[in-house]
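Got a minute to look at a protein model together? Let's go hunting for its hollows and for the place where its parts meet.

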Amino acid sequence: MPPPWSQRLRAQAEGRRARGRERAIRPPAGADFCSNDYLGLRTDPRLAQAAAEAARNFGTGTGAARLLRGTTPLHEELEGALARWKGTGDCLLFGTGFQANATLLPALLGPGDAVFSDALNHASLVDGCRLARAGGAHLGIYRHRDLADLEGQLTAWGRSCENGLALVATDAVFSMDGDAADLPALVDLCERHGALLLVDEAHATGLLGADGAGLSQLQGVTGRVPLVMGTLGKALGAFGAFVGCDRLLRDHLVNTARGFIFSTALPPPAVGAALEGVRLAQAEPWRREKALALAARLRRGLGQDDAPSAIVPLLVGPDAEAVRLAEALHAEGFDVRAVRPPTVPEGSARLRITVGAHLEEGSVDALLAALARVRR
Ligand SMILES: *Cc1c(COP(=O)(O)O)cnc(C)c1O
């Protein structure tokens with residue numbers, strides 16, 4: 001007798017296959033037009049050296065959560081470097097960005113509070129919102145980048161809940177569209193309403209702003225966003241995540257964020273590599289300039305408006321067509337991946353093309369030529 005769950009799982013797998021929604025893990029093959037290694041630091045020998053040195057000095061693992069024995073001098077050094085870079089006053093490391101987002105919101109919000117979330121926010125923020133709602137907070141989803149909708153919801157909620165805390169959560173650069181939030185307007189709105197603002201700089205950290213500090217820096221609101229989340233595993237070439245905030249918020253998270261308290265501290269090699277990544281992101285601005293110039297070249301070639309990001313979506317529509325295009329490009333030596341629902345809204349399957357400093361103008365032009373061939 002097969003175990004009772006096997007029939008159900010097989011039926012679900014069959015359903016996914018029938019709808020062209022099956023996901024499978026595929027190792028890298030061809031020129032990298034799909035990772036988030038925007039600065040090309042992932043394979044930099046200086047990061048490898050820093051990781052090896054950290055392993056020799058502090059071990060390959062921490063063996064414990066930060067509140068036990070999991071803190072090394074490197075963890076504190078990295079938090080200091082990130083706080084200075086981001087201009088947030090203080091900073092707290094997390095195991096991953098997913099963990100940070102999923103754990104921040106329920107740590108800050110409870111009954112009588114509210115969280116307002118952009119409709120296209122990352123899945124980890126969505127899960128954080130759901131956990132906050134399960135803890136008794138009101139959840140409002142506002143239309144993508146629609147601050148009039150957000151303000152309407154904030155005002156309506158504020159009238160009914162005078163003593164509650166409101167939090168607004170947004171991606172800085174949206175991960176599947178490559179468009180950016182209007183942070184100055186969001187900061188103003190949140191300040192007027194006394195709401196906490198959480199900005200997820202996963203796709204902006206290292207890439208945007210004079211120093212690479214992110215969209216907050218590019219848009220001139222450094223120091224005015226109370227909660228700045230960022231990842232160490234994308235442009236910075238390492239692994240892990242952080243939340244930049246002031247001391248009061250940091251102390252609160254240290255005491256209440258379950259994904260921080262009940263999780264092993266980042267391994268020293270990741271922390272050492274991230275420190276070197278943070279240093280190089282600032283010291284070698286050519287990396288972000290090159291990545292953004294390549295993205296602009298690709299957008300121009302596709303007839304798209306420019307945007308402050310290295311993510312260039314090519315909207316296709318039907319799932320099967322997006323998959324066909326990705327496979328045709330794959331056969332020509334380009335690693336481009338199709339993104340289908342539920343990662344993106346129904347009917348908006350796309351190629352999510354990304355560029356990084358490890359690529360050249362010639363490879364972008366070659367991709368454009370291949371795209372022209374494979375698109376009917
Ligand atoms: C990748 C990503 C995360 C999650 O970060 P990890 O460190 O990879 O877990 C969070 N938010 C956004 C917008 C992301 O793109």
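What follows is a quick tour of the domains, the pockets and the cavities.

Keep in mind that this is a predicted model. The protein chain splits into two domains: domain 1 (27-43 + 285-375) and domain 2 (45-283). The largest pocket lies between them, because both domains give residues to its lining. Besides the pockets, a search of the whole structure turns up 3 cavities of 30 Å³ or more.

**How the two domains meet**

- If you take the C-alpha centres of domain 1 and domain 2, you'll find them 26 Å apart.
- On the domain 1 side, 24 residues are in contact with 29 residues of domain 2.
- Together the two domains bury about 2000 Å² between them, and 62% of that is on carbon and sulfur atoms.
- Within domain 1, the residues that lose the most area to domain 2 are Leu-41, Arg-288 and Pro-308, which together make up 31% of what that side buries.
- How many salt bridges does the rule find across the interface of domain 1 and domain 2? The count there is 1.
- Elsewhere on your list of things to click, try Arg-350 and Asp-177: their side chains meet in a salt bridge, at 3.1 Å from N to O.

**The largest pocket**

- This pocket has a volume of about 1400 Å³.
- A set of 47 residues lines the largest pocket, and Ala-24, Cys-34, Arg-337, Ala-338 and Val-339 are the ones nearest its centre.
- Helix H4 (97-108), strand E7 (227-231), helix H13 (319-331) and strand E11 (337-339) each supply at least two residues of this lining.
- Which element gives the largest share of the lining of the largest pocket? That's H13, with 4 residues.
- Sorted by class, the lining of the largest pocket is a mix of 17 nonpolar, 15 polar and 15 charged residues.

**The second largest pocket**

- Here you get about 370 Å³ of space.
- The lining of the second largest pocket has 16 residues, with Leu-120, Asn-121, Pro-342, Thr-343 and Val-344 nearest the centre.
- Helix H5 (residues 123-134) provides the largest share of that lining, 3 residues.
- By class, the second largest pocket is lined by 9 nonpolar, 4 polar and 3 charged residues.
- Both domains join in here too: the lining draws at least three residues from each of domain 1 and domain 2.

**The largest cavity**

- About 80 Å³ of space sits in the largest cavity.
- Its lining includes Arg-66, His-75, Leu-93, Phe-94, Gln-99 and Phe-260.
- Strand E2 (90-94) and helix H10 (258-261) are the elements that give two or more residues to the lining of this largest cavity.
- That lining has 5 nonpolar, 6 polar and 1 charged residues.

**The second largest cavity**

- The second largest cavity holds about 70 Å³ of space.
- Among the residues lining the second largest cavity are Trp-85, Lys-86, Ala-213, Gln-217, Val-225 and Val-228.
- Helix H3 (73-86) and helix H8 (215-218) each supply at least two residues of the lining.
- What does the lining of the second largest cavity have by class? There are 5 nonpolar, 6 polar and 1 charged residues.

Methods: Residues are numbered from 1 along each chain as its sequence is written. Side-chain values use heavy atoms; hydrogens and water are left out. On a 1 Å grid over the protein atoms alone, a cavity is a set of points where a 1.4 Å probe fits but cannot get out, and a pocket is an open set with protein on both sides within 12 Å along at least five of seven lines; lining residues have an atom within 4 Å of a point. Grid points are joined across faces, edges and corners, and a volume is the space filled by probe spheres set on the points. Ala, Val, Leu, Ile, Met, Phe, Trp, Tyr, Cys and Pro count as nonpolar, Asp, Glu, Lys and Arg as charged, and the others, Gly among them, as polar. Domain bounds come from an automatic or database domain assignment. Contact means heavy atoms within 4.5 Å. Buried area is the accessible area (1.4 Å probe) that two parts lose on being put together, summed over both. A salt bridge is a side-chain nitrogen of Lys or Arg within 4 Å of a carboxyl oxygen of Asp or Glu.
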